[in-house]
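Me: I would like to learn how to read strands, helix contacts and unusual backbone angles in a model of this kind. Could we go through it feature by feature?

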Amino acid sequence: MRSSLISLLAASTFIFALSLTLARLSFAQEGKLLGDVTGDGSVTVLAFGDSITYGVGDGGNPGDYVETIEDSGEPRGYPKRLSAAISAGVNNAGSPGERFLYDGFARLMSFIIGGDVDTVVFMEGTNDAFHRIEGRDYRIALQRMLNVARAENKNVLLNTLPPPVASNASLALFTTLYSSIMRDLGVLNSVPVADVEQKFRQNCPDLDSCQLYNLPEGLHPNSAGYDAISKVVSEALGG
Amino acid sequence: MTTQPNHRLSPSIKTFCLSLACAALTACGGGGGGGSSTGSGGGSDSSYGVRVLHASVDAAPVDVISSSGSSALVSQQFFAGDKGYRSLPEGSQVLSLTRTLNPADVLASFSVDAGSASRYSILFYGDLQNLGLRTRLIEDEGPEDISGAAIRVVNGVAGAATLQVSITSADSQLVGFGQNSEYIAAPAGEVRIAAQRAADGSPAGSLVVNAQTGRAYTVLFAGEAGFYTKAVLFTDR
């Protein structure tokens, strides 16, 4: 009985990993995400999210001391870099401070239902973590979004969330949960995932001193961090 | 004394192999990120068999497994997806609607005695917030004689207790939530089908069917009133 359970557990783990790999490979290789699905003659990519999509903290360099960031400045961040990397227009639809389950969901739907967006790059949830939004609610909203996007013939790329560190490290409990939900729903829905969280964790064994963030603020990436996000997203888009 | 090699697999290894085969089939069948349903896993396209009418905008994709086989008959049916019938083994069996990639997570089971010309639709509807997810097996017994075309409607719109449906100039039909109308005769050619919530007249979707003589169609109205609805066309025969 025990060996059966162990085998079943091992099988489940293996299957999940295999499925994740196959899903990623199929999309990265085929590069299907950058197509004119609306048929309007151009490819429109929408980078949707909060301040980390908007680009707050961009311009800071590793080693700078940044306790808080008050000024959002002009939109920049990974969408600007991505546009150059994939040679296509990327609209920065980052809204600093926005929560996915509060006002983000409705705003995102306004882009997905109808409209000329071909591909949505989604990265939102860090502000939900401030309000300890439960994983179940985040999961339902994300699945609803994926269902409507598919029904509307829109491509979606899910970006996992950079884990908050240093002064904001306590939020990582929730953002890590949201990121795992993105991976899970990515597999179930055959939607590709750009694993930003994994990239940050790989680059920074000691997250609290990670050179990809403005520190000790620990919430917003610095220029190096936005470079890293752009690279992961670009690869996932097949650019 | 000699011993024969034991070729029998232990139950745990069998479980592993079956799960692996099932997952590989499902994973390989994925489609594009968004867009129309393109997954090709599961059984082959057929004029008979089983299909899923996925109407719940809250729910992840689903599979259908038969007790007579090990692999999924229907694989990764998405919300508002339009996959047609997948062939079904003949005989008595249990059809299980499961979450995609989770064959052990059974949402509903139905006992059927399938013949060579049996057709079944599993309606998957409801929501996760108020109504709960629901299922219903529909035995697709089409109209006996079709002079032109025949069209029926399924109400899978959460929040629409009754849909008022018009098919061209025919009298409007009232279809309860989770229910289907009878087949209605329609002329060959372009036929417009539109639905609205009976309670307040809010639109619940519409589409134009290029109806062909001798064909029967099902139009599924899927989604959630006030949020997102979509009409999906299935060819029954």
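The dialogue below takes up chain B's strands, then chain A's helices, and then some backbone details.

Reply: Before we begin, please keep in mind that this is a predicted model.

Me: How should I read strand pairing, and with which strands does β14(B) pair?

Reply: In general, the strands of a sheet pair through backbone hydrogen bonds, and they do so either parallel or antiparallel. Here, β14(B) pairs in the parallel sense with β8 of chain B (residues 149-158) over nine bridges, and within that pairing Phe221(B) is the bridge partner of Asn155(B). With β15 of chain B (residues 228-235), β14(B) runs antiparallel, joined by eight bridges, and there Val219(B) has Leu233(B) as its bridge partner.

Me: What links β14(B) to β15(B)?

Reply: The two strands form a hairpin with three residues between them, and Gly226(B), in the turn, has a positive phi of about 85°.

Me: Is β14(B) mostly covered or mostly uncovered, and which residues point each way from the strand?

Reply: Strand β14(B), residues 216-224, is mostly covered, with nine of its nine residues buried. Ala216(B), Thr218(B), Leu220(B), Ala222(B) and Glu224(B) point one way, while Tyr217(B), Val219(B), Phe221(B) and Gly223(B) point the other way, and all of them are buried.

Me: How do I recognise the edges of an open sheet, and which strands stand there in the sheet β1-β6-β7 of chain B?

Reply: The thing to look for is how many partner strands each strand has. This open sheet of three strands, in the order β1-β6-β7 of chain B, has mixed pairing. Because β1 (45-54) and β7 (132-139) of chain B each have a single partner strand, they stand at the edges, and one side of each is left without a neighbour in the sheet. The twist from one strand to the next averages 15°. Strand β1(B) runs parallel to β6 of chain B (residues 119-127), with six bridges joining them, and Arg51(B) stands opposite Ser121(B) of β6(B).

Me: Turning to chain A, how do I read a helix pair, and at what angle do the axes of α4(A) and α6(A) cross?

Reply: One looks at the distance and the angle between the axes together. Those of α4 (residues 100-112) and α6 (residues 135-151) of chain A come within 11 Å and cross at roughly 5°, which makes α4(A) roughly parallel to α6(A). The residues making the contact include Phe105(A), Leu108(A) and Met109(A) of α4(A) and Ala141(A), Met145(A) and Val148(A) of α6(A). By class, the contact has 11 nonpolar residues, no polar residues and one charged residue.

Me: Which non-glycine residues have a positive phi, and is each of them buried or partly exposed?

Reply: Among them are Asn153(A), with a phi of about 65°, and Gln76(B), with a phi near 55°. Asn153(A) lies in the loop between α6 and β5 (155-159) of chain A, and because it has 15 C-beta neighbours inside 10 Å, it counts as partly exposed. Gln76(B), by contrast, is placed in strand β3 of chain B, residues 72-77, and counts as buried because it has 29 C-beta neighbours inside 10 Å.

Me: And where does a cis peptide bond occur in chain A?

Reply: Such a bond joins Leu215(A) and Pro216(A), where omega is about 5°, and Pro216(A) lies in strand β7 of chain A, residues 215-216.

Notes. Residues numbered from 1 in each chain as written. Chains lettered and ligands numbered in written order. Predicted model: local features only at pLDDT ≥ 70, side-chain atom pairs only at ≥ 80, totals over all residues. Buried ≥ 20, exposed ≤ 12 C-beta atoms within 10 Å, placed from the backbone. Helix = DSSP H or I, 4+ residues; strand = E, 2+ residues; numbered from the N terminus. Pairing = 2+ DSSP bridges. Axes fitted to C-alpha atoms, helices over the stretch in contact; angles between N-to-C directions. Parallel < 35°, antiparallel > 145°, perpendicular 65-115°, else oblique. Contact = placed C-beta atoms within 7 Å. Nonpolar A, V, L, I, M, F, W, Y, C, P; charged D, E, K, R; others polar.
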